[in-house]
Amino acid sequence: TAVDEFVRNENHFLYIAGGTRGDAQPLISLAYHMAKDHNVKCTFVASPEMKDIVESINYCKFIPLSVSWKKIIDEDKVYRDAMFDQDFAQMAKSMSKYYKDPEHKNVKTIMNIIENERDHGIPINIIVASSLEAVTSESIGEKYGIKTVITWFQPFIFSNEICPPFVDEETLPEGTDFYEYSMNIWAFFFNDQEEFINDLRENFLGIEKMTFEENIQLVNGDHKHAITLLAHSQVIVPNPSDWPDDVKVTGYFIT
């Protein structure tokens, strides 16, 4: 519903779902709904192993990313163990070597899609991206002036009332300030990625660098170039009282 209200008369969505099936599946369901019920053209970019399931809905053109996250998880024991252990610091450290793409192969792929559709097809009006591709997708959308929707599959708007995602609350000292702890986690992740992110933005896309403050805005829904949707269910956990009133809560995308 949130996306329906936002898109109005737009007619070509580019879905970018870096990550595993848990990242792609909600966007596949959304793509099916928008194509079938609203006649919205669909181009879907994801890990190569997503090809069959994307194409099975009969509405989407599939284009693979250069990275297979399934292969990474299958082969990288350190990363896999960090995921199961909810070791966010190790996850970020392991993920960064895959996320960083000095040749910008995936960005080039996405730019080619946008420019080919602009010149020879139906121009892309909206980018819908999973959280793993949030910064890249927003940056590309900013370059081309395309609206960007970021779907966070965890309640990443920081709050002092709920424990940060990927963190086992039982491992934290009693009385931990969740808001401050969340900011420290995100600063750790951003600092690790900052050089790559801003090389992409400034030297490759020709747009301004992203600051940590702007990155936080992208997470919490205050960013001027993107709309942020939260996969948070009030049925399971009520909205924290310190969240802004205009937070767009869209549930867990379960159909």
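**Exercise 1. Strand pairing**

Task: In this predicted model, find out in which sense strands β4 and β5 pair, and over how many bridges.

Solution.
- Step 1: Locate the strands. β4 covers residues 126-130, and β5 covers residues 147-152.
- Step 2: Read the pairing. β4 and β5 run in the parallel sense, joined over five bridges.
- Step 3: Pick out one bridge as an example. I126 has K147 in β5 as its bridge partner.
- Step 4: Look at what links the strands. Together with helix α8 (residues 134-144), β4 and β5 make a β-α-β unit, and this unit is right-handed.

**Exercise 2. Enclosed or not?**

Task: Decide how many residues of β5 and of α8 are buried.

Solution.
- Step 1: Recall the cut-off. A residue is buried when its relative accessible area is under 20%.
- Step 2: Take the strand. In β5, five of the six residues are buried, so the strand is largely enclosed by the rest of the structure.
- Step 3: Take the helix. Nine of the eleven residues of α8 are buried, so this helix is also largely enclosed by the rest of the structure. Among the buried ones are A134, V135, S139, I140 and Y144.
- Step 4: Step just past the helix end. There you meet G145, which has a positive phi of about 70 degrees.
- Step 5: Set this beside the chain as a whole, where buried residues make up 51% of the 255 residues.

**Exercise 3. A residue inside β5**

Task: Work out whether T148 is buried or exposed, and which residues it contacts.

Solution.
- Step 1: Place the residue. T148 belongs to strand β5.
- Step 2: Apply the cut-off. T148 has a relative accessibility of 1%, so it counts as buried.
- Step 3: List the contacts, leaving aside neighbours within four places in sequence. T148 is in contact with I127, S137, E138, G141, H225, A226 and I227.
- Step 4: Compare sequence and space. T148 and A129 are 19 residues apart in sequence, while their C-alpha atoms are 7.5 Å apart.

**Exercise 4. The disulfide**

Task: Find which cysteines form a disulfide and what the bond ties together.

Solution.
- Step 1: Count. The chain has one disulfide.
- Step 2: Name the pair. The partners are C42 and C60, with their sulfur atoms 1.8 Å apart.
- Step 3: Place both ends. C42 sits in strand β2 (residues 41-46) and C60 in strand β3 (residues 60-64), so the disulfide ties together parts that are 18 residues apart in sequence.
- Step 4: Find the handedness. The torsion about the S-S bond of C42 and C60 is about 90 degrees, so the disulfide is right-handed.
- Step 5: Check the surroundings. Both C42 and C60 are buried.

**Exercise 5. Nonpolar cores**

Task: Identify which residues touch the most other members of the largest nonpolar core, and which element gives the most to this core.

Solution.
- Step 1: Start with the members. The largest nonpolar core has 35 residues, and L14, I114 and I140 touch the most other members.
- Step 2: Sort by element. β1, α7, β4, α8, β5, α9 and α10 each supply at least two residues of this core. Helix α9 gives the most, namely seven residues.
- Step 3: Zoom in on I114. Not counting residues up to four places away in sequence, I114 touches L14, I124, I127, I140, Y144 and I146.
- Step 4: Look for another core. There is a second, separate one of 24 residues, including Y15, A31, A46 and F62.

**Exercise 6. Three residues to classify**

Task: Say whether S182, N198 and N39 are buried or exposed.

Solution.
- Step 1: Try S182, in helix α9 (residues 178-205). Its relative accessibility is 4%, so S182 counts as buried. Beyond residues up to four places away in sequence, S182 touches F158 and P164.
- Step 2: Move along to N198, also found in α9. At 8% relative accessibility, N198 counts as buried. Its contacts, leaving aside neighbours within four places in sequence, are N203, K209 and M210.
- Step 3: Turn to N39, in the loop between α2 and β2. With a relative accessible area of 68%, N39 is exposed. The phi of N39 is near 55 degrees, a positive value in a residue other than glycine.

Terms used
Residues are numbered from 1 along each chain as its sequence is written. This is a predicted model: local features need pLDDT of at least 70, side-chain atom pairs count only at pLDDT 80 or more; totals for chains, interfaces and linings use all residues. Side-chain values use heavy atoms; hydrogens and water are left out. Helices (H or I, at least four residues) and strands (E, at least two) are DSSP runs, numbered from the N terminus. Buried means under 20% relative accessible area, exposed over 50%, partly exposed in between (1.4 Å probe, protein chains only). Contact means heavy atoms within 4.5 Å. Two strands pair if DSSP finds at least two bridges between them. A crossover is right-handed if, with the strands pointing away from the viewer, the path from the first strand over the helix to the second runs clockwise. A disulfide is a pair of cysteine sulfur atoms within 2.5 Å. A nonpolar core is a set of buried Ala, Val, Leu, Ile, Met, Phe, Trp, Tyr and Cys residues joined through side-chain atoms within 4.5 Å.
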